[in-house]
Amino acid sequence: TKAEAAEQAAKGKLIYTVTLSNDKVTFPFNRAEISPEAKQIIDEAIKPLIDANRGVFFEIEGHTDSTGDAAYNMKLGEERAMAVRNYLAEQHGIALSRLVISYGETKPVGDNKTKEGRAQNRRVVIRVLE
């Protein structure tokens, strides 16, 4: 798949990962909106890179829970990742050519049979690579 190919192609050294999920912020069910709490986490994570003018690359992954159709979840995961990408561009001047991947419901971190597990699965992961 496109996501697996991109994952294979990313040869850069991982600097760190920021995960925006319900344990830190809330991604509303069926929505791709970034909460003020998520924006604050993004701002705090990105500011040192901007201050240091580091040449880094971003891989932004969108994830969903398994509620609903798999094709819809793939689209929703991409919309969540794009929302973060657009915020990075608008607020921090980061190029829009950064990599965006949707995994939809295919990489859960929680049990989709529970409310808490589904909430954990609705997330965006920002990987910062050199």
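## Pairing in the sheet

Two strands pair if DSSP finds at least two bridges between them. In this predicted model, strand 2 (residues 57-63) and strand 3 meet that test: they are joined by 5 bridges and run in the parallel sense. One residue shows how this works. Glu61 has Ile101 of strand 3 as its bridge partner.

## Helices on the sheet

Two helices can be placed against the strands. Helix 2 (residues 36-51) packs on the sheet. Helix 2 touches strand 1, strand 2 and strand 4 (123-129). Its direction makes about 170 degrees with that of strand 1.

Helix 3 (residues 70-92) packs on the sheet too. Helix 3 touches strand 1, strand 2, strand 3 and strand 4. Its direction makes about 150 degrees with that of strand 3.

## The sheet as a whole

The sheet is open and has 4 strands. Their order is 1-4-2-3, and the pairing is mixed. Strand 1 (14-20) and strand 3 (99-104) are the edge strands, each pairing on one side only. On average, neighbouring strands are turned by 15 degrees against each other, direction ignored.

## The whole chain

The chain holds 4 helices and 4 strands. Read from the N terminus, the elements run α-β-α-β-α-β-α-β.

Now look at contacts between residues at least 6 apart in sequence. Of these, 76% join residues at least 24 apart.

## Inside and outside

The chain has 130 residues, and 40% of them count as buried. The accessible surface comes to about 7200 Å². Carbon and sulfur atoms account for 52% of that surface.

Notes. Residues are numbered from 1 along each chain as its sequence is written. This is a predicted model: local features need pLDDT of at least 70, side-chain atom pairs count only at pLDDT 80 or more; totals for chains, interfaces and linings use all residues. Side-chain values use heavy atoms; hydrogens and water are left out. Axes are lines fitted to C-alpha atoms, for helices over the stretch in contact, and angles run from 0 to 180 degrees between N-to-C directions. Contact means heavy atoms within 4.5 Å. Buried means under 20% relative accessible area, exposed over 50%, partly exposed in between (1.4 Å probe, protein chains only). Accessible areas come from the Shrake-Rupley method with a 1.4 Å probe; for residues, only the protein chains shown count as cover.
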